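Student: I would like to learn how to read helices in a structure, and how to tell what lies inside from what lies outside. Could we go through one together?

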Amino acid sequence: MNATNATWSLIKVETKLSLRDKTGPLWGVGFPLIVLIILGSVPVLNEPHDVYGGRSALDLYVPVFALFNLAILALSAMPTMLAAYRENGVLRRMQTTPISPARVLGAQVAANSATAIVAVVLFLAVANIAFGVRLPENVAGFVVGWLLAGAALISIGMLITALAPGRGVATAIGTVLFFPMMFFAGLWIPLPQMPPLLQDISAYTPLGAGATAMQAASGGDFPDLQPLLVLTGYTVVCAAAAIRWFRWQ
């Protein structure tokens, strides 16, 4: 088996294991989809408001749910799985085989990225078909914001994996980070309704920057440079730290 076939086989295996784990599919896709349907069924949330730039609250929530999915996959599903591999000696044993631990990391990223792509397409389709939410008007800007948010979150997830000695600690760190990040993404209070101080803090968090970029693109504008630079900064710094401190065993 050549390297390419081995890599694809590993991606298939990691995808099956991720689906069996249920964290990504259930909490990352199923839960936000149910919440999207519930919110979409509330008429007042479909009404345009000046504070939202003529859009509805539901228009703002669709990108937030896409970020919810990315956060669950990157902060919970992936680090928990990889930390368990290291805790159980899987990565150490793989160092003696042609399938290097680095390929396991790549396969995990690929498997979770595939789940994330399915999720964002599903959210956009349901919101558009069922509730009349407009698809992103600036597709390129939306894709750039989503990709950079995903890269930032995956880098943070890899840093969690590097620092956590085992599955339990990785789960705890991911959970502690998840809720404040989602708050600053506007999950509980839409960004335009946050007090100025919280808006300023949100702009420098990974999910706040991601939500700002994707919501701007949804409304037809290409994201401003600031949220894109914030996301790039998180990606570079956290990826470098993860590489520096990552342990295979």
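Tutor: Let us start with one helix, keeping in mind that this is a predicted model. In helix α9, the buried residues are Pro206, Leu207, Gly208, Ala209, Gly210, Ala211, Ala213, Met214, Gln215, Ala217 and Ser218.

Student: How many of the residues of α9 are buried, and what does that say about its surroundings?

Tutor: A residue counts as buried when its relative accessible area is under 20%. In α9 this holds for 11 of the 13 residues, so the helix is largely enclosed by the rest of the structure. The partners against which these buried residues pack are α3, α6, α7, α8 and α10.

Student: How far apart should the ends of α9 be?

Tutor: A helix rises by 1.5 Å a residue, so the 13 residues of α9, from 206 to 218, should span 18 Å, and the C-alpha atoms at its ends are indeed 18 Å apart, which agrees. Just after this helix comes glycine 220, which has a positive phi of about 110 degrees.

Student: Two of those partners were α3 and α6. At what angle do they pack?

Tutor: One compares the directions of the two axes. Helix α3, residues 57–87, and helix α6, residues 139–163, pack at about 25 degrees, and their axes are 9 Å apart. Because angles under 35 degrees count as roughly parallel, α3 is roughly parallel to α6. The crossing of these two helices is right-handed.

Student: Which residues of α3 and α6 meet?

Tutor: On the α3 side they include Leu67, Leu70, Ala71, Ala74, Leu75 and Met78, while on the α6 side Phe142, Trp146, Ala149, Gly150, Leu153 and Ile154 are among them. Sorted by class, this contact has 19 nonpolar, 3 polar and 1 charged residues. As a general idea, an α-helix has 3.6 residues a turn, so residues three or four places apart point the same way.

Student: Is threonine 235 buried or exposed?

Tutor: Threonine 235, which lies in helix α10, has a relative accessible area of 18% and is therefore buried. Leaving aside residues up to four places away in sequence, threonine 235 touches Leu148, Ala151, Ala152 and Ser155.

Student: And what is the relative accessible area of threonine 175?

Tutor: For threonine 175, in helix α7, the value is 37%, so this residue is partly exposed. Its C-alpha atom is separated by 10.0 Å from that of alanine 71, although the two residues are 104 residues apart along the chain.

Notes:
Residues are numbered from 1 along each chain as its sequence is written. This is a predicted model: local features need pLDDT of at least 70, side-chain atom pairs count only at pLDDT 80 or more; totals for chains, interfaces and linings use all residues. Side-chain values use heavy atoms; hydrogens and water are left out. Axes are lines fitted to C-alpha atoms, for helices over the stretch in contact, and angles run from 0 to 180 degrees between N-to-C directions. Helices (H or I, at least four residues) and strands (E, at least two) are DSSP runs, numbered from the N terminus. Angles under 35 degrees count as roughly parallel, over 145 as roughly antiparallel, 65 to 115 as roughly perpendicular and the rest as oblique. A crossing is left-handed if the near helix is turned anticlockwise from the far one by less than a right angle, and right-handed if clockwise. Contact means heavy atoms within 4.5 Å. Ala, Val, Leu, Ile, Met, Phe, Trp, Tyr, Cys and Pro count as nonpolar, Asp, Glu, Lys and Arg as charged, and the others, Gly among them, as polar. The expected span of a helix is 1.5 Å times one less than its number of residues. Buried means under 20% relative accessible area, exposed over 50%, partly exposed in between (1.4 Å probe, protein chains only).
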